[in-house]
Amino acid sequence: MNVFEIPLSFVKVFLIETKEGLILVDSGTPGNGKKIVTEITRLGKSLDDVKYVVFTHSHGDHIGSAHELKDILPDAKFGIESSGVSYLQEGKIRNPVLHSSLQKFLFGLARPFIVRGVKGTKVDLELKDGKLVEGVEIMKTPGHTSDSISIYLPEIGSVIVGDMLQGTKRGLKYPNIYEDFEELKRSVERIKKLKPKMVYVSHGVSSSEFLV
């Protein structure tokens, strides 16, 4: 089993290689569909082997190119946690809950690029706690958003957490954006109990060092 990070502009998506095929995690902002599939082929992987496209949550920088990928990967099953279904399926944008004037100013500047061209994408499955395929487990980890999930890979002791944590050069910290901080803390503790060898984050440096 392998995990490949695919960096986009200011967010990353991930490709998980399993015995049962490939799983793509997230899709970045709108307009990244072709770049993602180019990177998959550059890694020497076949698009026909992509069995699932799953989303860590429904913010626009994670579901923005979902409809582009649906056209390119029509046989892959697209999945998101139940409270994110309407956002993905109807092409709606879940606005982040911001906690400072600076965040609100920066999001105001970035929003047109995050929402422009987003379209609805058919949801094939609702992600729940438990096995997705052999060796890949979905964990509901709300807090950043109500629909946030993490993907646990016990075979290699790794977890993909989306925006539940943010990576720095020193280690992993709480994100600046969250809907429910108490839920976020509980979710982080759930991940810490796994004692992962690597935590893959969508923003910043992936790490195994917890600063929280």
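**Exercise 1. Count the salt bridges in this model, then follow the ones around Asp124.**

*Solution.* Start with the total: there are 13 salt bridges. Keep in mind that the model is a predicted one. Side chains of opposite charge can pair when their charged atoms come close.

Step 1: Find a partner for aspartate 124. Its side chain meets that of lysine 70 in a salt bridge, 2.7 Å from N to O. Lysine 70 sits in helix α3 and aspartate 124 in the loop between α5 and β6, so this pair ties together parts that are 54 residues apart in sequence.

Step 2: Look for another partner. Lysine 122 also forms a salt bridge with aspartate 124, with the closest N and O atoms 2.9 Å apart.

Step 3: Put the pieces together. Lys70, Lys122 and Asp124 are joined into one network by salt bridges that share partners.

Step 4: Sort the three by accessibility. Buried means under 20% relative accessible area, so lysine 70, at 16%, is buried. Exposed means over 50%, so lysine 122, at 52%, is exposed. Aspartate 124, at 32%, is partly exposed.

**Exercise 2. Arginine 42 pairs with glutamate 39. Where do the two sit, and is each one buried or exposed?**

*Solution.* Step 1: Check the pair. The closest N and O atoms of this salt bridge are 2.9 Å apart.

Step 2: Place the residues. Both are in helix α1, and because they are three residues apart, about one helical turn separates them.

Step 3: Compare with the cut-offs. Arginine 42 has 58% relative accessibility and counts as exposed, whereas glutamate 39, at 18%, counts as buried.

**Exercise 3. Describe the largest nonpolar core, then look at a ring pair involving Phe55.**

*Solution.* Step 1: Take the core. It has 23 residues, and those with the most contacts inside it are Leu24, Val50, Val53 and Phe55. Helix α1 gives the most to this core, with three residues.

Step 2: Zoom in on valine 53. Beyond its neighbours within four places in sequence, its contacts include Leu24, Leu73 and Phe78.

Step 3: Turn to the rings. The structure holds four aromatic pairs. In one of them, phenylalanine 55 and phenylalanine 78 lie 6.1 Å apart, centre to centre, with 40° between the planes, and the pair is tilted.

Step 4: Locate the partners. Phenylalanine 55 is in the loop between β4 and α2, and phenylalanine 78 is in strand β5, 23 residues apart.

Step 5: Check burial. Phenylalanine 55 is at 0% relative accessibility, so it counts as buried; phenylalanine 78 is at 0% too, so that ring's residue is buried as well.

How values were computed. Residues are numbered from 1 along each chain as its sequence is written. This is a predicted model: local features need pLDDT of at least 70, side-chain atom pairs count only at pLDDT 80 or more; totals for chains, interfaces and linings use all residues. Side-chain values use heavy atoms; hydrogens and water are left out. A nonpolar core is a set of buried Ala, Val, Leu, Ile, Met, Phe, Trp, Tyr and Cys residues joined through side-chain atoms within 4.5 Å. Buried means under 20% relative accessible area, exposed over 50%, partly exposed in between (1.4 Å probe, protein chains only). Helices (H or I, at least four residues) and strands (E, at least two) are DSSP runs, numbered from the N terminus. Contact means heavy atoms within 4.5 Å. Rings of Phe, Tyr and Trp (its six-membered ring) pair if their centres lie within 6.5 Å; planes under 30 degrees apart count as stacked, over 60 as edge-to-face and the rest as tilted. A salt bridge is a side-chain nitrogen of Lys or Arg within 4 Å of a carboxyl oxygen of Asp or Glu.
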